[in-house]
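I opened the model and kept notes as I went. The entries below follow the order in which I looked things up.

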Amino acid sequence: MYYVLSDLHGCYDLYMAMLEKIRFSDRDTLFFLGDAADRGPKGIEILEDLRDRANVICLLGNHEDMFRRTAWGWGRQLSPPDREAWERCYQNWTGRNGGLVTWEAWLRLPEERRLRLLEWMDALPWYYEIALNGRAFLLAHAGVGRYQKEKRPEDCVLHDFIWERMDYSKCYYREKYLVTGHTPTGFIEPGLNNRIYTKNNHIAIDCGAVYTGTLGCVCLDSLEQFYVS
Ligand SMILES: [Mn+2]
């Protein structure tokens, strides 16, 4: 079976509880749609766990992107404009976006583990397409920003997949489901009560685990939903 998770944000225990709930095995595949770290405490542990499983396909989220940009630029001799860009990236990540806990944990790692993690994040795909049981899915962290009907995923830039917020009241693709995290479903539909949003060929799975204590997961084979709290 194929399962999708996203936005763990350091909630390692919920992640493990979900793997148990879905009885995740070597015969299954897990898509993780990004944002493993930040806000919550155990992001590095989650990232390394995802990386080390042969049957996990991890996509890049905006938090992994801020993490790798900050970490690669750290301690380098940068020209003044690059230095300013790095400062902005660092402040945005560690300040507004809850990355300080991850940054401090990363600095405590031995150098070999630090570099291995960054190199792995650099190689993460930005989106993934899969067809199963007659349904087609386009998976990305946030969506397909600056959407145009004729625009293909391969024509998008990274920002489109990891930062843009979609209009969930709109059906972008008639022939496939757009599966995303990034925007907690409570913001999409306030009465949703920490449940996965499924309308207009969107499957939005970020139930805001780090805020709500509820993690959602969807099985792409059956569209069955799973929750742990
Ligand atoms: Mn995000």
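**Entry 1: the sheet.** In which sense do strand 1 and strand 2 pair, and over how many bridges? I found the parallel sense, over 4 bridges, with strand 1 covering residues 2–5 and strand 2 covering residues 29–32. I note here that this is a predicted model. For one position within the pair, I looked at Tyr2, which stands opposite Thr29 in strand 2.

I then traced the whole sheet. It is open and has 5 strands in the order 3-2-1-9-10, with mixed pairing. Which strands stand at the edges? I wrote down strand 3 (56–58) and strand 10 (225–228). Each has a single partner strand, so one side of each is left without a neighbour in the sheet. I also noted the twist, which averages 20° from one strand to the next.

Next I asked what helix 1 touches. Helix 1 (residues 12–21) packs on the sheet and touches strand 1, strand 9 (215–219) and strand 10. The direction of helix 1 makes about 135° with that of strand 10.

**Entry 2: helix 3.** I checked the length of helix 3 (residues 62–73). Its 12 residues reach 17 Å from first C-alpha to last, close to the 16 Å expected at 1.5 Å a residue. I listed its buried residues: Asn62, His63, Glu64, Asp65, Met66, Phe67, Thr70 and Ala71. What do they pack against? My list reads helix 4 (80–96), helix 5 (100–107), helix 6 (111–122) and helix 7 (158–162). After helix 3 comes Gly75, and I noted its positive phi, near 75°.

**Entry 3: Gly61.** I went to the loop between strand 3 and helix 3, where Gly61 has its place. Is Gly61 buried or exposed? I put it down as buried: 31 other C-beta atoms lie within 10 Å, and the cut-off for buried is 20 or more. Leaving out residues up to four places away in sequence, Gly61 touches Leu33, Gly34, Asp35, His141, Ile162 and His182. I also took the C-alpha separation between Gly61 and Trp163, which is 8.2 Å, although they are 102 residues apart along the chain.

**Entry 4: the core.** Which residues have the most contacts inside the largest nonpolar core? I noted Val4, Leu59 and Leu139, in a core of 55 residues. I followed Leu59 further. Again leaving out residues up to four places away in sequence, its contacts include Phe32, Leu33, Leu124, Trp126, Tyr128 and Leu139. Gly34 and His141 are also among the residues Leu59 touches, and both appear in my list for Gly61.

Technical notes
Residues are numbered from 1 along each chain as its sequence is written. This is a predicted model: local features need pLDDT of at least 70, side-chain atom pairs count only at pLDDT 80 or more; totals for chains, interfaces and linings use all residues. Two strands pair if DSSP finds at least two bridges between them. Helices (H or I, at least four residues) and strands (E, at least two) are DSSP runs, numbered from the N terminus. Axes are lines fitted to C-alpha atoms, for helices over the stretch in contact, and angles run from 0 to 180 degrees between N-to-C directions. Two residues are in contact if their C-beta atoms, placed from the backbone, lie within 7 Å. The expected span of a helix is 1.5 Å times one less than its number of residues. A residue is buried if 20 or more other C-beta atoms lie within 10 Å of its own, exposed if 12 or fewer, and partly exposed in between; C-beta atoms are placed from the backbone. A nonpolar core is a set of buried Ala, Val, Leu, Ile, Met, Phe, Trp, Tyr and Cys residues joined through C-beta atoms within 7 Å.
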